[in-house]
Amino acid sequence: MKNYQLVRDELQYWLQTENRQTLLANAWEQFSDKNTIDCLEVNNVLPYLSSMEADLAMLTWFDALSIGGSILLKVPNTDYFIELWQKASWDNNQLLNAESNARIAFAGLWGGQENANPRDDIYQPSLQNVYKSGYNAARLTLLLERAGFCELQVTSDGPVVNAIAKKTMNRGERQISTQYDQIRPDHLNRYEFACQQIGKLTRQNKILDLACGIGYGTLLLANKTKARLTGVDIEQAAIAHAKQHFSNDHTQFICQDAKLLDISANSQDAVVSFETIEHVNFDQQLLEIFFKVLKPGGHLICSTPNQDVMPFDPDKFEYHLKHYTNDELTDLLQNAGFQQIQLYAQHDPVAGSVVAGTDGCFTIAVAIK
């Protein structure tokens, strides 16, 4: 079990392991190895980072933790020191008294600022122990969630905010959040497009969302179509997250391998499966499974990267096995039995709306059984 502690004294960052203490140049150095740390304790570090540095550090720490690993954080509670600042008496006596509300509030908001007096011989202009940012429970929660952490416990205890969070699944292909405003727009746009397509159906009682991830799209479909949604994903942590954060009376979530899909034949009015087939080595079989579970007249709505526009590169797309040209995708669908295949495009790989066409970074197909 590897436990690390990252701390900062007045001037330097230190990484403490069981056997040694290492001086670091910055708070994200030496965290390049992924999935190797079981517990990381971070004390007195985040306030010394700018907002952008904190984002990078949090993402780096997240990647370094093993699945199931935990991060423990302590930061000064900016809310507490703002309140103390507002109560402080600002006069010369208070300014000279290190125990006054004024001095404590100042240090809590802007750091101790040791060796920061240019009139002193020990003045160090580049190392002034000055805070670059502030935190309360709400901001620390947001930072942790943006990085992908789950099972957060964030508490304010007077001048300190404490947080414990876990890495339950790897970040990367999978979106990890509890809020829709933290989901990439291109992902949401695909589900919005699916809602529009399904809304045209005369029957929309049952819908399967396969490779649903954390379930945000499943819930979106349930809310907008009023159908019964079944979300299926192979990762138990993703399903647990979906049940906790993206479920209602019209959703159910199942952890299952798509090859062993336990859904009755001819039972679904629509199947939605976005960015899935490029991850599996049974693409034709998967489409045949979709065909099997759909009712006659049922619709499949799926997407995959377009090989002609975004060629497959194993270094860039580490979770993918291949990308598909439009002809390859159409052939797979036809071989599975689908007809009336229509192709749509997303041109922007981050925020793209779904439009008619075949020249996007992502291809979205609508096909009918």
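Asp-55 is partly exposed, because its relative accessible area is 25%, and the cut-off for buried is under 20%. In this predicted model, the side chain of Asp-55 meets that of Arg-146 in a salt bridge, with 3.3 Å from N to O. Asp-55 belongs to helix α1 and Arg-146 to helix α5, so the bridge ties together parts that lie 91 residues apart in sequence. Arg-146 is also partly exposed, at a relative accessible area of 48%.

This bridge is one of eight salt bridges found in a search of the whole structure. Another one joins Lys-224 and Glu-192, whose closest N and O atoms are 2.8 Å apart. Here too distant parts of the chain are linked: Lys-224 sits in helix α7 (residues 216–225) and Glu-192 in helix α6, 32 residues apart. Lys-224 counts as partly exposed because its relative accessibility is 49%, and Glu-192 counts as partly exposed at 27%.

A further salt bridge connects Lys-295 with Asp-269, with 3.1 Å between the closest N and O atoms. Lys-295 is in strand β12 and Asp-269 in strand β11 (residues 268–274), so this pair links distant parts of the chain, 26 residues apart. Are Lys-295 and Asp-269 buried or exposed? Both are buried. Salt bridges that share partners also join Arg-184, Asp-186 and Arg-190 into one network.

Helix α6 has already come up as the home of Glu-192. The helix runs over residues 185–199, which makes 15 residues. From its first C-alpha to its last, α6 reaches 21 Å, close to the 21 Å expected at 1.5 Å a residue. The buried residues of α6 include Asp-186 and Arg-190, which take part in the network just described. Also among the buried residues of α6 are Leu-188, Tyr-191, Phe-193 and Ile-198.

Helix α10 (residues 326–336) shows how burial can be arranged around a helix. Its buried residues are Asn-326, Leu-329, Thr-330, Leu-332, Leu-333 and Ala-336. These residues cover an arc of only 160° around the axis, and therefore lie on the same side of α10. On the other side of α10, Asp-327 and Asn-335 are exposed. What covers the buried residues of α10? The cover includes helix α9 (283–293) and the strands β12 (294–305), β13 (339–346) and β15 (362–368). Strand β12 is also where Lys-295 is located.

After α10 comes Gly-337, which has a positive phi near 115°. Most residues other than glycine have a negative phi. Two residues of this model can be set beside that rule. Gln-340 is not a glycine, and its phi is positive, near 50°. This residue is found in strand β13, and Gln-340 counts as exposed because its relative accessibility is 58%. Asn-44 is likewise not a glycine, and has a positive phi of about 55°. Asn-44 lies in the loop between β4 (37–43) and α1 (51–64). With a relative accessible area of 27%, Asn-44 is partly exposed.

The surface also has a nonpolar patch. Trp-90, Leu-95, Phe-106 and Trp-110 form this patch, and together they have about 400 Å² of accessible area. Trp-110 lies in helix α4 (residues 101–110). Trp-110 counts as partly exposed because its relative accessibility is 35%. In the loop between α4 and α5 (137–147) is Pro-118, which counts as exposed at 58% relative accessibility. Pro-118 and Phe-312 are 194 residues apart in sequence, and their C-alpha atoms are 56 Å apart in space.

The remaining values describe the protein as a whole. There are 10 helices and 15 strands. Along the principal axes, the C-alpha atoms fill a box of roughly 85 × 40 × 40 Å. The protein has 369 residues, and 47% of them count as buried. Its accessible surface comes to about 17,900 Å², and carbon and sulfur atoms account for 47% of that surface. Where contacts join residues at least 6 apart in sequence, 64% of them are between residues at least 24 apart. The salt bridge between Asp-55 and Arg-146 also spans such a separation, because its two residues lie in parts that are 91 residues apart in sequence.

How values were computed:
Residues numbered from 1 in each chain as written. Predicted model: local features only at pLDDT ≥ 70, side-chain atom pairs only at ≥ 80, totals over all residues. Heavy atoms only, no water. Patch = residues over 30% accessible without salt bridge, like charges linked within 9 Å, V, L, I, M, F, W, Y side chains within 5 Å. Areas by Shrake-Rupley, 256 points an atom, 1.4 Å probe, with all protein chains shown as cover. Salt bridge = Lys/Arg side-chain N within 4 Å of Asp/Glu carboxyl O. Helix = DSSP H or I, 4+ residues; strand = E, 2+ residues; numbered from the N terminus. Buried < 20%, exposed > 50% of the residue type's maximum accessible area, 1.4 Å probe, protein only. Expected span 1.5 Å × (residues − 1). Contact = heavy atoms within 4.5 Å. Arc of directions from axis to C-beta.
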